[in-house]
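Reader: I have the sequence and the coordinates open. Let us go through the fold and its contacts, point by point.

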Amino acid sequence: MIDFELSPRIKATKNMIHMFAESAVRPLARQYDEQEHEKPWDLLNMVQKVMGGGIAGAFGTDKKEDKGEEEPKEKKPKETNLAGAVTVEEIFWGDAGIALSFPGPGLGGAAVQASGTPEQKEKFLARFAGDKPVWGAMAITEPEAGSDTANIKTTAVLDGDEWVLNGEKIFVTSGKSALEDSEGFVVVWATVDKSAGRAGIKPFIVEHGTPGMQITKIEDKMGIRCSDTVSISFMDCRIPKENILGSPEVVDKTKTEGFKKVMATFDATRPLVAAMAIGVGQAALDFLREYLTEEGVELRYGINPHRMTSLERDIMQMEADLKAARLLTWRALWMLDNGLRNDLQASMAKAKAGLAVTRITQKAVEIMGPLGYSRELLLEKWMRDSKINDIFEGTGQIQLLVTARRILGFSREQLK
Ligand SMILES: Cc1cc2nc3c(=O)[nH]c(=O)nc-3n(C[C@H](O)[C@H](O)[C@H](O)COP(=O)(O)OP(=O)(O)OC[C@H]3O[C@@H](n4cnc5c(N)ncnc54)[C@H](O)[C@@H]3O)c2cc1C
């Protein structure tokens, strides 16, 4: 049976998070856009206490499953990741920059969750459930390696009981939060064997305070200005041998199993980025509809398209785009929750949502005319905030490439 309805449990969570986003997040949106590099500490501390690990739970950490507790007798639907996406959408509806600055494991934690040993999970994930805010981050991008991850130049060399890291990472989300503002960590992608290409690239957990690791730049950004984005340099940075995620072996240079496993992290996180985008798009659409209602403009649903006004057509197109993105996102996460391969759907969801939100927010500014451009409203901010969804976690173009490869049955080498 096809069912597009959320379960009563998720609906209740959605309503609760929406109220929280409206009352506690949205009112701070403008302030922390203007005060870039500052954090709303009262809110973040409160989030940590109330949600236990920020929105970690929302980011797909099912504590019962993790602890191996018995399943309750009445079989619940598997919907941890789906519930996470709905929560993410609502908080990002409140404000994208502030939501991104919420404490929690982030991408680094997702990598530990996806490919860490039980000991690594215990050691590195437990800290997010404490009283103090803690952040995790992931450092893949380098000056010459972003979309093309195979080009990563940061090296990891085994020296006795330690890995020695050397290289430079750029655009690390929450890097400062993880390494300077809390007792967090960053998962760093480095090569153990340059000649092996992707097969040689491994993720390493680097703890805050590790000598040889230094934040070298804090980005000033167009949007999501409450979220910190940093460059990090590694100079003979020594970490324990056991801080590698997955096997250190480069068994067969033609096989990239380890790399694929880490890339699988993105099957969980790309739909969440799509949910972030949908939250911002929904904020813009909600605003527009409220404004038009106040102005006495009625949207005539169901009339013949050739009789619609151009405004009606625009709004209905925006709504359709957002709904399509949301359904793709839910599908990708439902598949993940049910143990199905979802890499195609994850990329489709992110590509669609990134494109939809940039178009929706831009159109909303256009429809509102000069008011849309003014800082009096949040529309211009949403337009700035939205673009990142088309860039991080793989650009929109890369998602289309991945989608095309999978649909057409081409390999990475056949379709670049
Ligand atoms: C605010 C922000 C936060 C970020 N956070 C993180 C983070 O936490 N961790 C991290 O590791 N990285 C992070 N990034 C980096 C981000 O993931 C990369 O910028 C992104 O993957 C693109 O890589 P690149 O910058 O090397 O661009 P490039 O790969 O050089 O791409 C430039 C342009 O070319 C296009 N392009 C590239 N290859 C192809 C192709 N084969 N076909 C068609 N078009 C192509 C791209 O789509 C893009 O439009 C962040 C970036 C920003 C702006």
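Author: Start with the ligand. This is a predicted model. Shell residues around the ligand come from several elements, and β1, β3 (162–173) and α16 (396–408) each supply at least two.

Reader: Which residues are closest to the ligand?

Author: The ligand has 22 residues around it. The closest of them are Ile140, Gly146, Ser147, Thr173 and Thr395.

Reader: Which domains each give at least three residues to the shell around the ligand?

Author: The domain assignment of the protein has domain 1 (8–129), domain 2 (136–255) and domain 3 (262–408). By class, the ligand shell holds 12 nonpolar, 8 polar and 2 charged residues. Those supplying at least three shell residues each are domain 2 and domain 3.

Reader: How many residues does domain 1 put into its contact with domain 2?

Author: The contact has two sides, and domain 2 brings 20 residues. The count from domain 1 is 20 residues.

Reader: Which helix gives the most to the side of domain 1 that touches domain 2?

Author: At least two residues each come from α2 (29–34), α6 (96–100) and α7 (106–115) on that side of domain 1. By class, this side divides into 9 nonpolar, 8 polar and 3 charged residues. The top contributor, with 7 residues, is α7.

Reader: How many of the residues of α7 are buried?

Author: The helix is mostly covered. Its buried residues include Gly106, Leu107, Val112 and Ser115. The count is 10 of 10.

Reader: Why does Gly106 count as buried?

Author: Gly106 sits in helix α7. A residue is buried when 20 or more other C-beta atoms lie within 10 Å of its own. Gly106 passes that cut-off because its C-beta neighbours inside 10 Å number 28.

Reader: How far apart in space are Gly106 and Ser174, C-alpha to C-alpha?

Author: Leaving aside neighbours within four places in sequence, Gly106 is in contact with Trp135, Gly136, Ala137, Met138, Thr173 and Ser174. Gly106 and Ser174 are 68 residues apart in sequence. In space, their C-alpha separation is 8.3 Å.

Reader: Is Ser174 buried or exposed?

Author: Ser174 lies in the loop between β3 and α9 (175–179). Its phi is positive, about 65 degrees, although Ser174 is not a glycine. With 28 other C-beta atoms within 10 Å, Ser174 is buried.

Reader: And Asp236, is it buried or exposed?

Author: Asp236 belongs to strand β7 (residues 229–240). Asp236 is another residue other than glycine with a positive phi, near 45 degrees. Its C-beta neighbours inside 10 Å number 11, so Asp236 counts as exposed.

Reader: Which residues does Glu144 touch, not counting those up to four places away in sequence?

Author: Glu144 is in the loop between β1 (136–139) and β2 (155–159). Glu144 is exposed, because 11 other C-beta atoms lie within 10 Å. Beyond its sequence neighbours up to four places away, Glu144 touches Asn151 and Lys153.

Reader: What separation do the C-alpha atoms of Glu144 and Trp93 have?

Author: Along the chain, Glu144 and Trp93 are 51 residues apart. Their C-alpha separation is 34 Å.

Reader: Which residues touch the most other members of the largest nonpolar core?

Author: This core has 102 residues. Its largest share, 13 residues, comes from helix α11 (residues 265–294). The members that touch the most others are Ala139, Val186 and Phe204.

Reader: Which residues does Ala139 touch, beyond those up to four places away in sequence?

Author: Ala139 is one of the core members just named. Not counting residues up to four places away, Ala139 touches Lys169, Val172, Gly175, Val186, Val187, Val188, Trp189 and Ile232.

Reader: What is the radius of gyration of the protein?

Author: The protein has 16 helices and 7 strands. Along the principal axes, its C-alpha atoms fill a box of roughly 75 × 50 × 50 Å. The globule rule gives 22 Å for 416 residues, and the protein comes close to it, so it is as compact as a globular protein of that length. Its radius of gyration is 22 Å.

Reader: What share of contacts between residues at least 6 apart in sequence join residues at least 24 apart?

Author: Burial first: 46% of the 416 residues count as buried. Among contacts between residues at least 6 apart in sequence, the share that joins residues at least 24 apart is 77%.

How values were computed:
Residues numbered from 1 in each chain as written. Predicted model: local features only at pLDDT ≥ 70, side-chain atom pairs only at ≥ 80, totals over all residues. Helix = DSSP H or I, 4+ residues; strand = E, 2+ residues; numbered from the N terminus. Buried ≥ 20, exposed ≤ 12 C-beta atoms within 10 Å, placed from the backbone. Contact = placed C-beta atoms within 7 Å. Near = placed C-beta within 6 Å. Nonpolar A, V, L, I, M, F, W, Y, C, P; charged D, E, K, R; others polar. Domains from an automatic or database assignment. Core = buried A, V, L, I, M, F, W, Y, C linked by C-beta atoms within 7 Å. Rg over C-alpha atoms; globule rule 2.2 N^0.38 Å.
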